[in-house]
Amino acid sequence: MEKFQIKQEHLKAVSEYRSSIMNDPPLKNLFLELTLRCNEHCIHCGSRCGEGIAEGELSAQQYKKILDDVKRDFDISQIMLDITGGEPLLRKDFFEIMSYANKLGYIWGMTTNATLIDDTVAEKLFRCGMSTVSVSIDGLGQTHDRLRGKKGAFSLAMNGVNALIRHGGFEHVQITTVINHQNINELEDLFDYLKDIDIDSWRVINIEPMGRAKDHSELMLTADEYKQMFQFIIQKRKEGYCVSYGCSHFLGIEYERTVRDWYYFCTAGIYTASIMYNGDICACLDIERRPEVIQGNILRDDLKSVWENRFEIFRRDLSEKNDKCRSCPENTYCRGGSQHSWDHDMNEQRICFKGILF
């Protein structure tokens, strides 16, 4: 009971803090979506990335101006620059852009499928200042290849991971795995494979009904599979392994701070802003791409002004839009749930763990 009460107190403090910064939130994470092009075609891709989507990409010079302006207007020592795509390394000017960011003093990390990384690329990533990297591995060989729509993807990705580890100069090398109905029974086997590799952490998350994944209802987890995934994470953490669940959802008091290091807090538009490949400004890049979530465009709008004067849609509780959420006892902690899984047409949360975990 004491542990339960302590968690309640912590969750209440997090909720009160969230309310206190809502009118003047600090920008802590800035995502740059360098491209929507990708050399894989993942059936669960939240952004529907794929080959040949290059039209409208910002140029290297435009990115340099963005980096100059952000440094002018914000304290970049307090901001993590998160590079993503598509596959960022498909840009021929990738190292030009990121070397410039490094020269300006940005702290940056990247999300990648790692298929284009070898020892030479790992060295170049280190030289241009990459601090952290998250590599997507969605199962063992055949499963990973099938989900990613690319034969040999698993082998290429693991070669990339091993090149990063061999280099040894990066602050954090992470594996991220999206768990779905097709790969959940490989969790133990994948753990056995990864535990002998010198990665720093393994981030396990569930598939989300967004992007291309919305077209594949057969991949969605059942209630029992959700419980299986969370019990797996709990057990591995008890054994001392650095396995954690992502920031995606409120899990109820029993599971909060059990499967990850801290409590649920959707930071979209509160700590987190993003610049899409075409310059559109939004919060989290996982949020469904609709006109109402776009807050401006970096080619005509100043990010500081947008951050300070817009983002209203993200700085009020989603539960205000839904009677069921508003009257829920957990609303104090959940606030209507995650922005990225909100159904804007139905004004309801697509994923809620009430009734599954608590």
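Is Ser 248 buried or exposed in this structure? Ser 248 counts as buried because its relative accessible area is 9%, and the cut-off for buried is under 20%. Keep in mind as you look around that this is a predicted model.

To find Ser 248, go to the loop between β7 (243-245) and β8 (272-275). Leaving aside residues up to four places away in sequence, Ser 248 touches Glu 208, Arg 260, Tyr 264, Ser 338 and His 340. Remember Tyr 264 from that list of contacts, as Tyr 264 also appears in the lining of the largest cavity.

That brings us to the empty spaces in the model. Rolling a probe the size of a water molecule over the atoms shows where empty space is left. Here, two cavities of 30 Å³ or more are counted.

Let's begin with the largest cavity, whose volume is about 80 Å³. Its lining includes Leu 11, Val 14, Ser 15 and Arg 18. Further along the sequence, Tyr 264, Phe 265 and Cys 266 take part in this lining, together with Tyr 333, Cys 334, Arg 335 and Gly 337. Two helices, α1 (2-21) and α11 (331-334), each give at least two residues to the lining, and α1 provides the largest share, with four residues. Sorted by class, seven of the lining residues are nonpolar, two are polar and two are charged.

Now move to the second largest cavity, with a volume of about 30 Å³. Around this space you will find Asp 138, Gly 139, Thr 177, Ile 179, Asn 183, Glu 186, Leu 187 and Leu 190. The elements that contribute two or more of these residues are the strand β5 (172-179) and the helix α7 (187-194). Its lining has three nonpolar, three polar and two charged residues.

Our last stop is an open space, the second largest pocket, which holds about 370 Å³. The lining of this pocket is made up of 19 residues. If you want to head for its centre, look for Cys 325, Cys 328, Gln 349, Cys 352 and Lys 354, the lining residues that lie nearest to it. At least two lining residues come from each of α10 (323-326), α11 and β12 (348-349). You have met α11 already, as a contributor to the lining of the largest cavity. By class, the pocket lining has eight nonpolar, seven polar and four charged residues.

Definitions and conventions
Residues numbered from 1 in each chain as written. Predicted model: local features only at pLDDT ≥ 70, side-chain atom pairs only at ≥ 80, totals over all residues. Heavy atoms only, no water. 1 Å grid on protein atoms, 1.4 Å probe; cavity = no way out; pocket = protein on both sides within 12 Å on 5 of 7 lines; lining within 4 Å. Points joined across faces, edges and corners; volume = space filled by probe spheres on them. Nonpolar A, V, L, I, M, F, W, Y, C, P; charged D, E, K, R; others polar. Buried < 20%, exposed > 50% of the residue type's maximum accessible area, 1.4 Å probe, protein only. Contact = heavy atoms within 4.5 Å.
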